[in-house]
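Hi everyone, thanks for coming. Could you bring up the sequence and the structure on your screens, so that we can walk through them together?

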Amino acid sequence: MNVLKEVLKNQVYPAMGCTEPVSVALCGAYAAELLAQPVQKALFRLDPGTYKNGCGVRIPHTEGEKGNLLAAALGLLIAKPQLQMEILSGADAALLARAKEMVSRKQVRLEVAPEKHGFYIEAWLQGAAGAEGQCIIAGSHTDVVFLAKDGQIIKDLRTEKEQGSCSAAFKEALRNAKLADLIFWAEAADADDLAYIKKGVEMNLKAAEMGQSLRKVGFYIKELVRKNLLQMDLLSSTKILTACAADARMDGQPVAVMSSGESGNQGVVTILVPWKVGQEMHVPEETILKSIALSHLLNGYVKVFTGELAPICGCAIAAGVGAAAAIVYQQRGANVPAMTLAINNIISDIGGMLCDGAKSGCALKVVSSTDAAIRAAFMGMHDYGITEVEGFVGKSAEETIQNLGNISTVGMRAVDPMIVDIMEEKLK
């Protein structure tokens, strides 16, 4: 198995809009396509992390509207699952009006499935004369594990998913990998891999360009530069670039970005930070692209241990780890000790940052991740870093990441339910 190709295939893909509500729309589209008639009632059940991530983020092609519920209604009406994570590109003003009407009539309902601890979306639809359609996406944003129409099962991979088969084989390979393995896989990237990675760079640069016109996080960093409170240096220019890309996504702008670890904001950090730094430091393009391959692999590696939708911020920590190691690779090659120090530095720095769902404020966390990744890499490539005598840092990069995973999955188990409770209370 070529792990890099599997990661690029399953975790690095174009997505328009925040990937959680988009996946909700996709699940609805699969069920609606099966139903093949107007939807009378729909119930969506979401794991707490997916619910949390879709509460406060704007949806593309909705004139600034927010939330999983509207995304679900749009998915039912678009009913084109072949669009995958760009399904909301199929929305227009007429469909938006119909979706809002479905929501106002309470034809579409949404509830949290507190017993689900991994990524999980279930859509149950009812049409005329008792007709039914059902879809379950679980484990990843695009992995359909169950389809049924009128009580007849068409596809059922739920048991296999629980046993860790299906597309999860590459995740098991990541789990068992060492940092040196990830570097080896990245360096073995072929021409097709590098071309696909370059496509991601171009997509995310386009999103950053669109975000330049918004008066959001990127704008105010530029204002700090204009007022001479910051210098327009490598750090500032990279933070502006990533902030503007995140601003565009979280504002619901109709632009697709290349994701990483199935997250658009993680794709922004994983891709644009090493790209911008490499360009400014005059690193050969092939080396930059291979460093981004390593960034993608490390982002996926961290998430194997922290979870798909963790209580900690993935765009800051998992993607930041990938970006920091990528910068070290650009300057010092396959230097495991230097990369280990860089990884320890960034995890020790921002390892406790909470995820309270996708929203405009994610751009702030993207900026923090960008800043921390460049700083951590600079220290690491000069052989300085936090060691195992401090905090939860381990004897190796792998051990540090695994310790972080234990904190996320065991120590912070009550965080997501608490955040969901706060969100639901605010909605009342």
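I'll take you through some strands, then the cavities, then a few aromatic rings, and finally one lysine. Please keep in mind that this is a predicted model.

Let's begin with strand β4, residues 120-126. Is this strand enclosed or in the open? Five of its seven residues are buried, so β4 is largely enclosed by the rest of the structure. Now look at its partners. Strand β2, residues 41-46, pairs with β4 in the antiparallel sense, over six bridges. Strand β5, residues 132-138, also pairs with β4 in the antiparallel sense, this time over seven bridges. A nice residue to click on is E122 in β4: R45 stands opposite E122, and E122 also stands opposite I136 in β5. If you follow the chain from β4 to β5, you go round a hairpin with five residues between the strands. In that turn, A129 has a positive phi of about 55°.

Next, please find strand β7, residues 152-156. How many of its five residues are buried? The number is zero, so β7 lies largely in the open. Strand β6, residues 144-149, pairs with β7 in the antiparallel sense over four bridges. As an example of that pairing, F146 has D156 in β7 as its bridge partner. These two strands form a hairpin as well, with two residues between them. D150 sits in the turn, with a positive phi of about 50°.

Now for the empty spaces. How many cavities of 30 Å³ or more does the structure hold? There are two. The largest has about 310 Å³ of space, and 32 residues line it. Of those, N53, S263, Q266, G314 and C355 lie nearest its centre. Several helices give two or more residues to this lining, among them α2, α3 and α11. By type, the lining of the largest cavity has eleven nonpolar residues, 13 polar and eight charged.

The second largest cavity has a volume of about 40 Å³. Among the residues that line it are V302, T306, A310 and G314. Its lining divides into six nonpolar residues, two polar and no charged.

On to the rings. The structure holds two aromatic pairs. In one, the ring centres of F219 and Y220 are 4.9 Å apart and the planes are at 90°, so the pair is edge-to-face. Are these two residues buried or partly exposed? F219 has a relative accessible area of 17%, which is under the 20% cut-off, so F219 counts as buried. Y220, at 45% relative accessibility, counts as partly exposed.

The other pair is Y301 and F305, also edge-to-face, with 5.1 Å from centre to centre and 65° between the planes. Both residues lie in helix α13, four residues apart, or about one turn of the helix. Y301 is buried, and F305 is too.

Last stop: K66. Where does this residue lie? You'll find K66 in the loop between α3 and α4. With a relative accessible area of 46%, K66 is partly exposed. Leaving aside residues up to four places away in sequence, K66 touches C55, G56, V57, R58 and I59. As a contrast, try selecting E399, which is 333 residues from K66 along the chain: their C-alpha atoms are separated by 39 Å.

That's my tour, thanks for listening!

Conventions. Residues are numbered from 1 along each chain as its sequence is written. This is a predicted model: local features need pLDDT of at least 70, side-chain atom pairs count only at pLDDT 80 or more; totals for chains, interfaces and linings use all residues. Side-chain values use heavy atoms; hydrogens and water are left out. Buried means under 20% relative accessible area, exposed over 50%, partly exposed in between (1.4 Å probe, protein chains only). Contact means heavy atoms within 4.5 Å. Two strands pair if DSSP finds at least two bridges between them. On a 1 Å grid over the protein atoms alone, a cavity is a set of points where a 1.4 Å probe fits but cannot get out, and a pocket is an open set with protein on both sides within 12 Å along at least five of seven lines; lining residues have an atom within 4 Å of a point. Grid points are joined across faces, edges and corners, and a volume is the space filled by probe spheres set on the points. Ala, Val, Leu, Ile, Met, Phe, Trp, Tyr, Cys and Pro count as nonpolar, Asp, Glu, Lys and Arg as charged, and the others, Gly among them, as polar. Rings of Phe, Tyr and Trp (its six-membered ring) pair if their centres lie within 6.5 Å; planes under 30 degrees apart count as stacked, over 60 as edge-to-face and the rest as tilted.
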